[in-house]
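Take a look at the model below. How do its helices and strands fit together?

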Protein chains: 2
Amino acid sequence: MDLLLKHKTIRKFLGKEVPSELLENILTAGCRASTTGNMQVYSIIVTKSRAVKEELIPLHFNQPVAKSAPVLLTFCADFNRFSKWCELRKAIPGYNNFLSFITASIDALLAAQNVCIAAEDKGLGICYLGTTTYNAKEIIEVLNLPKLVFPVTTVALGWPDEDPVQTDRLPLKAVVHEERYKDYSKHDIDELYSYKENLPESLQFISENNKETLAQVFTDVRYKKSDNEFFSEKIIEVLKDQGFLS
Amino acid sequence: MDLLLKHKTIRKFLGKEVPSELLENILTAGCRASTTGNMQVYSIIVTKSRAVKEELIPLHFNQPVAKSAPVLLTFCADFNRFSKWCELRKAIPGYNNFLSFITASIDALLAAQNVCIAAEDKGLGICYLGTTTYNAKEIIEVLNLPKLVFPVTTVALGWPDEDPVQTDRLPLKAVVHEERYKDYSKHDIDELYSYKENLPESLQFISENNKETLAQVFTDVRYKKSDNEFFSEKIIEVLKDQGFLS
């Protein structure tokens, strides 16, 4: 519990490597996460070599955290292994569809979060790379992912070389609803976002980006409609290529 | 780490309620999970009342675990709150697309797994209900989820009234790949699934279902192609309805 409450994303790592045995223990703990029907429909690609990392890093938009991390873990939705098993056991798999993509993605993400917590428990630091879905197509090529395998997220892992201030969170009541969803009034939004909007780092963010509001930094700079639409089309194409959408 | 390694899914709960303060602490720990750009694009619906539970339980196919749990937590991908904030701050949100659905689902699932670990740390038991995506359409109606909100998973939560044997997992090398994906040969599959296939509970599963192999129990009984295809279509329609797919 304390470990969860103390979580900070780490973006700068020491050159020191992560011992294989330690990594194995962390991944073992990761694989104890709940999984749909105990099918374990995910795979984890462990990248440590300079050669493969040099192919992956540009696909994560050359983020310094990707360059700095001694280990990149790519968590994939994977119905390939399970389907191969079915085929070899006189069973006809039916997992080339969207529901199975969602199911396998859930499996992959629960395992990913378990891995992150196990890693932090051992003093390691982590950072999720959301860029994975943006460039899923190219990551699939680099990692040789076959049909029915899709990279959902990547975790950069290593020994922390920084101790950043913990980031803010919205008040709990902003994300929790009692019994049913209660939609937000103008007054609710004002109240729930007020703390965040008035943080010194938010004000700095606004001024650095020459914007009028913090929300504009998100819509005009960080998560733009045109980018979101471009990458949405790209992901849908990749899901078709990987056999999850007909 | 030990807590993660000891995880068991609990499907039978005591009648004892989960105190509000304890639940609040657990949800607070959940919300420390990593989140894309610190946007927290998820919501958690806490259902405790008999009235709402009676509407939800049939949508989870009347699973005994859903009936037994004093608390149901529905984790939703949510770009509604964030988009409302943008609109009230002279910013034009661009999150009515598939990438944003994936991003928000990732956020929701990392928070869900953190909540589960925090709950187990406090002695509570959990069970994920994969049925959430199957009946997303009806769950949206019951919980009044507006556009840009989609229920990704549900966690049944309570005090354990059973202590089951821990389920098996595939050997770690079945799910972990070094550097790049190494596809599975017949020999690999035989080796990796042998332990699971020969467990007494697997053999019982096969005989109870009058099947020849364990894989057939999955393809013919538990996760059937026809069901997967039916629910895939249904989810895609719901994503359109909720504004995540045009």
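What follows goes from a helix pair to a sheet, and then to the helix packed on that sheet. The model is predicted.

Start with two helices from separate chains. They are α13 of chain A, residues 225–241, and α6 of chain B, residues 98–121. Their axes come within 7 Å and cross at roughly 85 degrees. Angles of 65 to 115 degrees count as roughly perpendicular, so α13(A) is roughly perpendicular to α6(B). On the chain A side, the contact is made by A:Asn228, A:Phe231, A:Ser232, A:Ile235 and A:Ile236. On the chain B side, α6(B) supplies B:Phe98, B:Leu99, B:Ser100 and B:Ile102. By class, 6 of the residues in this contact are nonpolar and 3 are polar; none is charged.

Now turn to the sheet. It is open and has 5 strands, in the order β5(A)-β1(B)-β2(B)-β4(B)-β3(B). The pairing is mixed. Which strands stand at the edges? They are β5 of chain A (176–178) and β3 of chain B (125–129). Each has a single partner strand, so one side of each is left without a neighbour in the sheet. From one strand to the next, the twist averages 25 degrees.

Look at the β3(B) edge. β3(B) pairs with β4(B), residues 149–158, in the antiparallel sense over 5 bridges. B:Leu129 stands opposite B:Thr154 of β4(B).

Finally, return to α6(B). This helix packs on the sheet and touches β1 (42–47), β2 (71–78), β3 and β4 of chain B. The direction of α6(B) makes about 155 degrees with that of β2(B). The helix that meets α13(A) thus also packs on the sheet.

Key: Residues numbered from 1 in each chain as written. Chains lettered and ligands numbered in written order. Predicted model: local features only at pLDDT ≥ 70, side-chain atom pairs only at ≥ 80, totals over all residues. Axes fitted to C-alpha atoms, helices over the stretch in contact; angles between N-to-C directions. Helix = DSSP H or I, 4+ residues; strand = E, 2+ residues; numbered from the N terminus. Parallel < 35°, antiparallel > 145°, perpendicular 65-115°, else oblique. Contact = placed C-beta atoms within 7 Å. Nonpolar A, V, L, I, M, F, W, Y, C, P; charged D, E, K, R; others polar. Pairing = 2+ DSSP bridges.
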